[in-house]
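Visitor: I have a structure open and would like to learn how to read its features. Could you walk me through them?
Guide: Gladly; let's look at it together.

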Amino acid sequence: MFKFNYKKIFNNVIFTIFILTLIKLIFLYNFTIKEDIMKTFLYTLPIALFIYSLLYFMNTKYSKIIIFSIHALISVLLFIDLVYYGYYGFLPSVNMFLFVGAAGEVWKSILAILRPIYFLMFIDLIPLAIYLIKTDKKTISFKVNKKVIASFLIATLCLGSALYLLNFRGNSTYAYNNYGVFTYHIYDVYTNFLNKSEKNLTASELKESINTFSAKDKEKNKKRYNGIAKDKNIIVVQFESLNDFLINKGYKDQEITPNINKLISKDSIYFNNFYQQVGPGNTSDAEFVLSTSLFPSDELSIFNHYNNNYYYTLQKILKENNYSTHVFHGNDKEFWSRDKMYPKLGIDEFISLEDFDYEKKDIINLGLNDVDFFNQTVNHMKEFNKPFYSTVINITSHHPYEIPKELKELKIDDQHKNTLFANYIESINYSDRAFGEFIQRLKEEGLYEESIIILYGDHSGVYPTGDKSEEYMKEFLGNDYEFDEYMNVPLIINLPGSKVQEANEIVGGEIDLMPTILNLLGIDNNKGKRFGSDLNNSNESFVSLLYHVPVGSFIDDEKVFRMSNDGIFENSIAWNKNTKKAIDIEECRAGYEKAIKRFEEGQIILENDLIDDIIREQKNK
Ligand code: GP9
Ligand code: MN
């Protein structure tokens with residue numbers, strides 16, 4: 001008869017730490033899994049079993065140290081996942097460690113949202129260490145018996161099948177939500193180191209893709225605002241972390257963005273249904289999407305992983321039209337591989353932190369403070385060959401939004417003071433002030449009238465944190481803080497002296513910037529492939545979203561659709577954009593398929609570096 005010795009099992013330290021890890025997994029999933037926690041947990045079991053079963057096979061004098069180290073490492077990993085999720089709304093990637101590892105400020109920003117409850121992940125480590133030190137090695141069972149071998153084999157089998165499933169092209173969101181935290185990290189390392197998300201196309205598939213992409217858009221005859229900004233300088237302000245809900249909005253009757261509001265009030269087109277389309281490259285992805293009208297990746301940072309591709313960019317087209325091209329950013333040249341990527345985008349000159357006059361005290365958050373940054377930017381612009389195209393990327397309004405007291409001007413209620421919510425609006429208010437001074441200086445230098453200003457937010461400033469700040473956010477907005485709210489960034493096109501005044505409600509995203517700008521300049525160039533459309537002339541009111549929500553999610557005039565994290569369409573959610581009432585997701589199938597198709601086409605172009613092939617094919621047609 002099979003006799004189960006519970007006492008022996010529970011005395012067994014490996015079994016105990018295995019159970020503790022399972023509890024930690026449930027703890028993590030409770031905060032991070034929106035769909036079926038139990039399903040994810042069950043799928044995580046085999047790998048956890050696999051890892052801990054391995055410990056039974058050890059028989060060295062370092063066994064105790066190894067047991068402790070592995071368990072501690074897993075606890076640290078789960079802790080980092082939890083904290084990171086609180087900031088970004090998903091798990092960290094090795095990408096983050098590889099490329100921004102040195103940028104302490106980014107981590108500082110993540111650590112700023114630590115909640116004491118997260119430290120429960122470490123609660124067992126000290127008792128475990130004491131137990132291991134005090135207990136004689138012999139009393140800790142390491143003997144391998146048949147049961148252990150059996151469980152080890154089952155675990156290996158399950159792990160094997162999970163990895164097999166991963167070979168079908170999925171994505172990291174699905175990997176996490178379907179198979180759990182360990183599979184996610186394995187998948188992430190695998191894709192990042194080997195660029196293995198790439199799908200290999202056969203020669204004929206590749207040819208067919210090139211043929212499809214090289215089809216030219218049909219031209220409309222009469223286009224609104226075509227050439228309205230012909231030969232003007234173009235100043236694009238890519239405003240760090242600016243959400244649309246701050247525009248024309250007050251905190252206790254105090255305007256948060258008075259200078260941006262003023263910009264909107266005269267000679268401007270304001271797009272209030274404009275959305276971020278960045279992936280893991282964040283700010284740098286926004287720059288990429290603006291310059292190319294291509295989709296970024298939802299797994300890899302473009303600037304770091306695709307900086308050897310050929311791109312036919314807005315800057316290159318402008319150079320063909322006698323523009324000089326520049327970028328301003330108050331951080332180092334190498335940060336996010338900008339030094340490698342900018343030449344590929346056709347940027348003549350990068351004015352980075354090294355090129356500004358500053359002292360240590362002038363640095364806030366990740367770089368030069370916005371007042372000095374904007375001010376010195378004008379000095380450089382005065383010297384540029386005209387017409388010029390400049391992207392100006394401010395940085396002070398970066399998470400965690402901690403700025404010196406003396407720079408804060410809003411009166412904040414006691415209950416909100418020093419919360420992420422208050423820090424955010426105070427920091428945006430400061431950067432708005434810096435922007436106001438920038439416009440003033442441009443006017444004084446005579447640059448304003450001969451330029452157009454395009455301002456947009458690169459991405460959201462606050463993702464739902466599940467804590468007090470989210471509550472304050474909801475109170476402030478008077479509604480839920482869902483992705484259609486937080487992924488919504490403003491786009492303003494200011495055309496000095498034009499008398500154009502318009503609020504345009506078309507739904508669009510960063511991918512539409514390039515075609516929109518080209519139309520304003522009256523430049524007729526359709527070479528290459530663009531996924532966006534000119535927002536002043538398009539009939540399509542639609543945006544495909546990615547990264548912060550799974551690919552396939554989209555927003556149009558009537559519908560807001562969020563693809564399910566487990567990749568199953570039927571588990572998705574959708575609501576009416578205006579009434580916020582739930583709608584049948586079947587109404588969203590066509591939009592979902594369109595969003596997926598476009599995104600996947602975008603990935604084929606990126607992964608196979610197809611832009612020059614497409615241009616060659618267009619020439620032959
Ligand atoms: C710093 C900036 C980082 O150069 O690009 O901003 P982020 O990508 O974290 O928004
Ligand atoms: Mn950013």
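Guide: One thing to keep in mind from the start is that this is a predicted model. Let's begin with charge on the surface.

Visitor: Which residues gather in a patch of positive charge on the surface?
Guide: Look for Lys262, Lys266, Lys443 and Lys499, which together make up a positive surface patch. Take Lys262 as your landmark: you will find it in helix α12, residues 258-264. Lys262 counts as exposed because its relative accessibility is 58%, and the cut-off for that word is over 50%.

Visitor: And which residues form a negative surface patch?
Guide: That one is built from Glu505, Asp557, Glu558, Asp584 and Glu587. Glu558 sits in the loop between β16 (554-556) and β17 (559-562). With a relative accessibility of 48%, Glu558 is classed as partly exposed.

Visitor: Now a patch without charge. Which residues form the nonpolar patch on the surface?
Guide: Here you want Val189, Tyr190, Phe193 and Leu194, which together offer about 380 Å² of accessible area. Val189 belongs to helix α10, residues 181-194, and is partly exposed at 34% relative accessibility.

Visitor: How should I read the two sides of a helix?
Guide: Start with the general idea: an α-helix has 3.6 residues a turn, so residues three or four places apart point the same way. Now turn to helix α7, residues 125-134, where Leu125, Leu128 and Leu132 are buried. These leucines lie on the same side of α7, because the arc they cover around the axis is only 60 degrees.

Visitor: What is on the other side of α7, and is it buried or exposed?
Guide: There you meet Ile126, Ile133 and Lys134, and these residues are exposed.

Visitor: Let's move on to salt bridges. How many does a search of the whole structure find?
Guide: The search finds 22 of them. To read one, look for a side-chain nitrogen of Lys or Arg within 4 Å of a carboxyl oxygen of Asp or Glu. A good case is Lys24 with Asp124, whose side chains meet at 2.9 Å, N to O. This pair connects distant parts of the chain, 100 residues apart: Lys24 is in helix α2 (residues 13-32), and Asp124 is in the loop between α6 (104-111) and α7.

Visitor: Are Lys24 and Asp124 buried or exposed?
Guide: Lys24 is buried, with 6% relative accessibility, and Asp124 is buried as well, at 7%. The cut-off for buried is under 20%.

Visitor: Which residue forms a salt bridge with Lys252?
Guide: Its partner is Asp413, and the closest N and O atoms are 3.2 Å apart. This pair again links distant parts of the chain, with the two positions 161 residues apart: Lys252 is in the loop between β2 (250-251) and β3 (254-255), while Asp413 is in the loop between β10 (388-393) and α18 (420-444). Asp413 has a relative accessible area of 27%, so it is partly exposed.

Visitor: Where do Asp348 and Lys319 lie?
Guide: The side chains of Asp348 and Lys319 meet in a salt bridge at 2.3 Å, N to O. Asp348 is in the loop between α16 (338-345) and β7 (349-351) and Lys319 is in helix α15 (residues 314-320), so their contact ties together parts 29 residues apart in sequence. Both ends are partly exposed: Asp348 at 43% and Lys319 at 35%.

Visitor: Which residues are linked in a network of salt bridges?
Guide: Try selecting Lys382, Arg441 and Glu445, which are linked in such a network.

Visitor: Finally, how do I read the backbone?
Guide: Most residues other than glycine have a negative phi, and most peptide bonds are trans. Against that background, the bond from Lys386 to Pro387 is cis, with omega near -10 degrees, and Pro387 is in the loop between α17 (370-383) and β10. The bond from His399 to Pro400 is also cis, with omega near 10 degrees; Pro400 is in the loop between β10 and α18.

Visitor: What is the phi of Asn418?
Guide: Its phi is near 60 degrees, a positive value in a residue other than glycine. Asn418 lies in the loop between β10 and α18 and is exposed, at 64% relative accessibility. Asn248 has a positive phi too, near 55 degrees, and its place is the loop between β1 (233-239) and β2.

Terms used: Residues numbered from 1 in each chain as written. Chains lettered and ligands numbered in written order. Predicted model: local features only at pLDDT ≥ 70, side-chain atom pairs only at ≥ 80, totals over all residues. Heavy atoms only, no water. Patch = residues over 30% accessible without salt bridge, like charges linked within 9 Å, V, L, I, M, F, W, Y side chains within 5 Å. Areas by Shrake-Rupley, 256 points an atom, 1.4 Å probe, with all protein chains shown as cover. Lys, Arg positive; Asp, Glu negative; His and termini not counted. Charge placed at Lys NZ, Arg CZ, Asp CG, Glu CD. Helix = DSSP H or I, 4+ residues; strand = E, 2+ residues; numbered from the N terminus. Buried < 20%, exposed > 50% of the residue type's maximum accessible area, 1.4 Å probe, protein only. Arc of directions from axis to C-beta.
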